[in-house]
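Here is a set of worked exercises to try at your own pace. Have the model open in your viewer, attempt each task, and then read through the solution.

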Amino acid sequence: MISANDPSLTSWVNVPSNSDFPIQNLPFGVFKTAQLSARVGVAIGEHIVDLKSLHVLGYFENLPFRIEDFDTDTLNPIMKYGKKATRDLRNRISKLLRSGVTDLQGKEHHVSQVLAAMADAEMLLPVHVGDYTDFYSSIEHATNVGIMFRDPANALLPNWKHIPVGYHGRASSIVVSGTPLRRPKGQQIPNDATQPVYGASKLLDFELEMAFITYDGKALGESISTAEAEDFIFGMVLFNDWSARDIQKWEYVPLGPFLGKNFGSSASPWIVTLDALEPFKVAGPEQEPKVLDYLTYEGDKNYDIDLTVYIQPEGGSEHVVSESNFKYMYWNLCQQLAHHTVNGCNMRNGDMLASGTISGPVESSYGSMLELSWKGSKTVKLGDEGERKFIADGDTVIMRGHATKDGVRIGFGEVSGKILPAN
Ligand code: MN
């Protein structure tokens, strides 16, 4: 059987050469149009394959899914069937869309029913997120923050190279790309003041991240090993962990992020499966000192995914402010999931686990304005449209990501969000 990732595969559906969504990708999402109620879809080129209609027309024979699993506004029902079932589903769709396979190709009556134009579709948040965790897994980011806020000589705290540090965030305020967010208000402590003030955040920031989405894990009390971890991960999205630095700075001691984070986080709408990302695996950074046994792993577990952040001022154009790569992560997905469950914590279908800010080794690859402006001590140019230290009202922050190998480009589309003034 030809792998769904084979670089030689082409589709009878037109795919522009720079598309994020060739037949080797086939990411899952939830969409609706003026005519179609919310349903599960798969992206191909500039179209969305309507999986509900494919099922109704009988193309999912011998797969376990029911029509109602696709006739819904989340991917949770199909993820309930687990990795093998969703892998079989992606393989079936790959085959149906493949050049030279005539099961669906050429059946114009069926094709017009199952292909929707992406331009006509509204994308929804693809999963109902039960629990959201944010890690802190970039050594460059953790080092930069440590230098700025603590001690340049001891930038990393003693636990950092032993534990994939993380915190539990809030799922209710995760929104899909394109959803505007309001500048948050809260307590801040002005420089040199001893008493806090209340008001709109002045130091609003983005964090360039990626997040993975889990299937149901093991029962409460059991752990997932690094070797088992990929069996419990459906796929990944781009993720902007919006952060209000002034609120965060005052509140975070001793228990960590709270209101400086939970006013909103933005996710891209297409979940790129771990299967589609398999060809883009690369070795991660060397881990020294050696990690404890339960965090050891075999094989390449990092992913070479180019990431770019843009700021678009109100009425203006997009300006690149950061170019990073997911391969820089010190802790990989398998280590994060193994650590998260080592105490018996149970993962559930639709849980979202974000990477933490993805900063690279050079300044232009820093994944937040906090680092790019070095705590507001310098400015970031937006071409001929001004400069920023943090995010201004009316700014749209856009993140895009893609992996390229053997002439195949697998993309994530984008996550974007506009900041509205505080009310
Ligand atoms: Mn974060």
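The exercises below go through domains, cavities, the largest pocket, salt bridges and some backbone details.

This is a predicted model, in which local features need pLDDT of at least 70 and side-chain atom pairs count only at pLDDT 80 or more, while totals for chains, interfaces and linings use all residues. Residues are numbered from 1 along each chain as its sequence is written, and side-chain values use heavy atoms, with hydrogens and water left out.

**Exercise 1. Describe how domain 1 and domain 2 meet.**

Step 1: Set the bounds. The domain assignment gives domain 1 as 28–124 and domain 2 as 132–420; such bounds come from an automatic or database domain assignment.

Step 2: Place the two parts. Their C-alpha centres are 30 Å apart. Domain 1 brings 18 residues to the contact and domain 2 brings 18 residues, where contact means heavy atoms within 4.5 Å.

Step 3: Look at the buried area, which is the accessible area (1.4 Å probe) that two parts lose on being put together, summed over both. Domain 1 and domain 2 bury about 1500 Å² between them, and 58% of it is on carbon and sulfur atoms. On the domain 1 side, Phe 28, Met 79 and Lys 83 lose the most area to domain 2, together 42% of what that side buries.

Step 4: Check for charged pairs. The rule, a side-chain nitrogen of Lys or Arg within 4 Å of a carboxyl oxygen of Asp or Glu, finds two salt bridges across this interface.

**Exercise 2. Find the largest cavity and work out why it lies between domain 1 and domain 2.**

Step 1: Fix the terms. On a 1 Å grid over the protein atoms alone, a cavity is a set of points where a 1.4 Å probe fits but cannot get out; a pocket is an open set with protein on both sides within 12 Å along at least five of seven lines; lining residues have an atom within 4 Å of a point. Grid points are joined across faces, edges and corners, and a volume is the space filled by probe spheres set on the points.

Step 2: Search. The whole structure has two cavities of 30 Å³ or more, and the largest cavity holds about 50 Å³ of space.

Step 3: Read the lining. Phe 28, Lys 83, Thr 86 and Arg 87 are among its residues, as are Tyr 215, Ile 233 and Asp 275. Helix H4 (83–97) supplies the largest share, three residues. Helices (H or I, at least four residues) and strands (E, at least two) are DSSP runs, numbered from the N terminus.

Step 4: Conclude. Both domain 1 and domain 2 give residues to this lining, so the cavity lies between them.

**Exercise 3. Characterise the largest pocket.**

Step 1: Its volume is about 710 Å³.

Step 2: It is lined by 31 residues, and the closest to its centre are Tyr 136, Arg 150, Gln 248, Tyr 252 and Pro 257.

Step 3: Strand S6 (132–135), helix H6 (139–149), strand S7 (166–168) and helix H7 (245–251) are the elements that give two or more residues to the lining. H6 gives the most, with four residues.

Step 4: Sort the lining by type: 17 residues are nonpolar, seven polar and seven charged. Here Ala, Val, Leu, Ile, Met, Phe, Trp, Tyr, Cys and Pro count as nonpolar, Asp, Glu, Lys and Arg as charged, and the others, Gly among them, as polar.

**Exercise 4. Which parts of the chain does the pair of Arg 409 and Asp 20 tie together?**

Step 1: Side chains of opposite charge can pair when their charged atoms come close.

Step 2: The closest N and O atoms of Arg 409 and Asp 20 are 2.9 Å apart, and the two form a salt bridge.

Step 3: Arg 409 is in strand S26 (residues 408–420) and Asp 20 is in the segment before strand S1 (28–32), so the pair ties together parts that are 389 residues apart in sequence.

**Exercise 5. Locate the cis peptide bond before Pro 254 and the positive phi of Asn 62.**

Step 1: The bond from Val 253 to Pro 254 is cis, with omega near -5°. Pro 254 sits in the loop between H7 and strand S16 (265–267).

Step 2: Asn 62 is not a glycine, yet its phi is positive, about 70°. Look for Asn 62 in the loop between helix H1 (51–56) and helix H2 (67–70).
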